[in-house]
Amino acid sequence: MAAPAQILLENVSHVYRPVRGREVLALDQVSLQVANREFVALLGPSGCGKSTLLYLIGGFLPVEAGSITVDGKKVTGPGPDRGIVFQHFALFPWKTVRGNILYGLERQGMPKAEREKRAQDFIELVGLHGFEDSYPSQLSGGMKQRTAIARTLAFDPAILLMDEPFGALDAQTRGLMQAELMRIFQRTPKTVIFVTHDVQEAVYLADRVAVMSARPGRIKTIVDTKFDKKAENIFKERVFVEKVDEIWHLVREEAIKAQGRRST
Amino acid sequence: MAVRHVTTRARIKTWPAKAARILPLLLARCFSVAALLAAWEILARSGIFTPFQLPPFSAVVLRIWNDGAAGDLWINLALTLYRALAAFAICVLAGVAVGTAMSRSGLARWFFDPIVSVGFPMPKIAFLPVVILWLGVYDLSKITMAVIDAIFPVIAATVIGIQGVERELIWSARNMGASERDLLRQVVLPAALPQIMTGLQVALPLALIVTVVAEMLMGGYGLGGAMMTASRFANSTGVFAGIVEIAALGYALVKAMSLIRRRLLAWHPEAHAPSTV
């Protein structure tokens, strides 16, 4: 890659220690470079540690082996330079849509008038106009995730970490949200690491897809998926179908391995 | 989904519709109580019991009315209410504080956990002689008795509530720049509030119950004390009046508490569910 790496992972390992039971090596010597404004999907069977990797980059879990640097600085904790979106939204249920979006801006010390305006801008951006004063419990899954995305985008992180953000949504909503995400990133480009186990989603959204192995998680292959995706029927285009097929085979091998291990 | 949202709003706004739904429930609830009171009245007048064994409900109501006119009722009511609410307030502050400390500090947990484990299930009324010995028989000892009984559900609910806060919620807040101090007040406690409120809803009637029991055992003013005084003078109507007053006060407190809950937890999915009496 020509562009310098914005996120640099070197030999990152992580041991998961449950309160009871034995330790599990979740990640084994993972190395990865992500360039500025690049969209990388992490794809792998469930339990391969892809979410753990995201939490490590986010600074939510301590990096115990190897190193993670963002913009040349070692990651030691969470920071507003790396925004995260969770599968189950993690909205504050006691705050309205607007309140949720305002929270980060308040913590950042933005003046009141400015943050009100900014919150409104992002409410419009994700199409939640008219629901500003609704509580999360009054929203559908897709609307909750729009709120979560708006909340994270509003404090303007350079990097967006997305942990299966559409995994909890029905297929139709997921399709809409994927297209919407593409539209949003065209307006506000970000570096994105996107965890998913949906191959189509990964190929559609990402510039590169990192296929992870079954536990302990390693990066098995990185597939370049950067091609023109603007076509009307992109999901039926030959180049798209071939990429999906190629990656699907890679993931399948790992999924079978993971299954086999679980049943023994 | 927009549809669901709109109906939720509409439901809150159209009062007649809401009243039409609640009214049958309300009547049904009143019916059982009314039937019980009617049976009481009929039974008392039937001659099976002497008026000393069971005074008629009407006589009890009259007695309450007269006590109200004389002012005694209000003094006793105010005293019992003051003691119960003072105890409850202490339980809220101290219980949430201890519960929070237990959830956040291993040291606090190590210290309080055995005390809670032993103290919660034990009959705290056993402390009565000691409390009287140390604190006398006035407000302080009555409030203390109520506190040592009602604080445990608050502690337990706070611990469980805080344990149940999803780590993603905390991570989100930290991601947006919340400091450790912000976290407790802005995220952990609000997220645990439904559980804590449940604990408080258990603690409030408990505080009232123990206050009345303490009043009955220690004497003096207050609804419980007045009942015991009536009992000593073989004033059966006075005893039954006390029972009715305590029942009414308990109902009013529990009702007020659930209104507060609905107000505080307006954001919670339960707030959108159809309300019952």
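The exercises below, each with a worked solution, concern a predicted model.

**Exercise 1.** Determine whether the radius of gyration of chain A agrees with that of a compact globule.

*Solution.* Begin with the chain length: for 264 residues, a compact globule would have a radius of gyration near 18 Å, and the 19 Å of chain A agrees with this. Next, consider the extent of the C-alpha trace, which spans about 55 × 45 × 40 Å along its principal axes. Finally, turn to burial and contacts: 44% of the residues of chain A count as buried, while residues 24 or more positions apart account for 70% of its contacts with a separation of 6 or more.

**Exercise 2.** Establish how strand β8 (residues 191–196) of chain A is placed, buried or exposed, and which strands pair with β8(A).

*Solution.* Count the buried residues first: six of the six residues of β8(A) are buried, so the strand is largely enclosed by the rest of the structure. Then separate the two faces, with A:Thr191, A:Ile193 and A:Val195 buried on one side and A:Val192, A:Phe194 and A:Thr196 buried on the other. Now take the neighbours: β3 (residues 39–43) pairs with β8(A) in the parallel sense over five bridges, and A:Phe39 has A:Val192 as its bridge partner. Strand β7 (residues 159–163) also runs parallel to β8(A), joined by five bridges, with A:Asp163 opposite A:Val195. Lastly, follow the connection, in which β7(A), helix α5 (residues 171–187) and β8(A) make a right-handed β-α-β unit.

**Exercise 3.** Describe the contact between chains A and B from the side of chain B.

*Solution.* The contact takes 18 residues from chain B and 25 residues from chain A. On the chain B side, α8(B) gives the most, with six residues, and the residues of this side divide into eight nonpolar, seven polar and three charged.

Definitions and conventions:
Residues are numbered from 1 along each chain as its sequence is written. Chains are lettered from A and ligands numbered from 1 in the order in which they are written. This is a predicted model: local features need pLDDT of at least 70, side-chain atom pairs count only at pLDDT 80 or more; totals for chains, interfaces and linings use all residues. Two residues are in contact if their C-beta atoms, placed from the backbone, lie within 7 Å. Helices (H or I, at least four residues) and strands (E, at least two) are DSSP runs, numbered from the N terminus. Ala, Val, Leu, Ile, Met, Phe, Trp, Tyr, Cys and Pro count as nonpolar, Asp, Glu, Lys and Arg as charged, and the others, Gly among them, as polar. The radius of gyration is taken over C-alpha atoms; the globule rule is 2.2 Å times the number of residues to the power 0.38. A residue is buried if 20 or more other C-beta atoms lie within 10 Å of its own, exposed if 12 or fewer, and partly exposed in between; C-beta atoms are placed from the backbone. Two strands pair if DSSP finds at least two bridges between them. A crossover is right-handed if, with the strands pointing away from the viewer, the path from the first strand over the helix to the second runs clockwise.
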